[in-house]
Amino acid sequence: MVTRLYTHPIYLEHLTPAGHPERPDRLRALGKVLDDHAFDGLDRVQAPMGDEATILYAHPETYLERVRMTIPQQGLTRVDSDTTVSPKSWEAALTAIGAANAAVDDVFSGKADNVFVASRPPGHHAERDRAMGFCLFNNAAIAARHAQKAHGIARVAIVDWDVHHGNGTQDIFWEDSSVLYCSTHQMPLYPGSGAKSETGVGNIVNAPLDPDTGSEHFREAFNTRILPSLDAFQPELIIVSAGFDAHHRDPLAEINLNEDDFDWATGKLMERAGSYASNRLVSLLEGGYDLKGMSLSAGAHIKRLMEG
Ligand SMILES: [Zn+2]
């Protein structure tokens, strides 16, 4: 397996208020884990700046301009109760999109079998017309549409194991049967959506988990809901909204996963990518707010991507 890693120093310059969980140190902690010799085989590439026009794959132009107008010359501007922008946030967000789209291009050109994108800000809470939950633009949604437009595929699956429901991704694809959106998440929890009854046009599969559950329920949700849905849909590309805040150490939720669970889930998705998508799998960092829990879990995920 050739596993590519995209990251960029600009991601550290998207700043949030003191004490905010979604902070630059997250990527610094992950960088330290990836310094280990176990990751010597990673194909490390600096993330490219994205094409602004691709934002319109998932968001209206009025929204793009609204976000652009909020970027301050200095200091921080709040765009939502828990989402802020700083002077370099536009460049960081556009580079997160650039990396996601480049990752898609790489798995189609054969430059990589799979790709992990270590970027900020995250994306899965960004709805068509609304920034929220630390997210400005929906990186996974844009990358899915990019795959369809640039590489001519019909079916993309987005699997979201962040502990929060990806309301933004669900919103964007609510009526789009060409994209399967599958999510495991704690419920009840922010943002409140993600009930089993929310099914879009049959393309949305929500597998909510009760607080204080762990590996057993997570794996059961995969085995009974997520994986069978992938088998029925036969995606030509799998995109992972890879948040690691379902780790037991995470301060924002009460799901008790450990590194082994992310390794296991990665292996299951790779099996499906092998069956239906010529191994093509693109994984994008979403949440994960305990530095140790997030970085070790992401490390286990990336190691599995490298090993097959
Ligand atoms: Zn999350």
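**Helix packing and a buried glutamine**

User: Is Gln148 buried or exposed?

Analyst: This is a predicted model, in which local features need pLDDT of at least 70, side-chain atom pairs count only at pLDDT 80 or more, and totals for chains, interfaces and linings use all residues. Residues are numbered from 1 along each chain as its sequence is written, and side-chain values use heavy atoms, with hydrogens and water left out. Gln148 has 16% relative accessibility, and because buried means under 20% relative accessible area, exposed over 50% and partly exposed in between (1.4 Å probe, protein chains only), Gln148 counts as buried.

User: Which residues is Gln148 in contact with, leaving aside its neighbours within four places in sequence?

Analyst: Gln148 lies in helix H4, where helices (H or I, at least four residues) are DSSP runs numbered from the N terminus. Contact means heavy atoms within 4.5 Å, and with those neighbours left aside, the partners of Gln148 are Ile153, Ala154, Val156, Ser178 and Val179.

User: How are H6 and H7 oriented to each other?

Analyst: Helix H6 (residues 215-233) and helix H7 (residues 259-276) have axes 11 Å apart and pack at an angle of about 10 degrees. Axes are lines fitted to C-alpha atoms, for helices over the stretch in contact, and angles run from 0 to 180 degrees between N-to-C directions. Angles under 35 degrees count as roughly parallel, over 145 as roughly antiparallel, 65 to 115 as roughly perpendicular and the rest as oblique, so H6 and H7 are roughly parallel.

User: What is the orientation of H3 and H4 to each other?

Analyst: The axes of helix H3 (residues 89-109) and helix H4 (residues 139-151) come within 9 Å and cross at roughly 40 degrees. H3 and H4 are therefore oblique.

How values were computed: Helix = DSSP H or I, 4+ residues; strand = E, 2+ residues; numbered from the N terminus.
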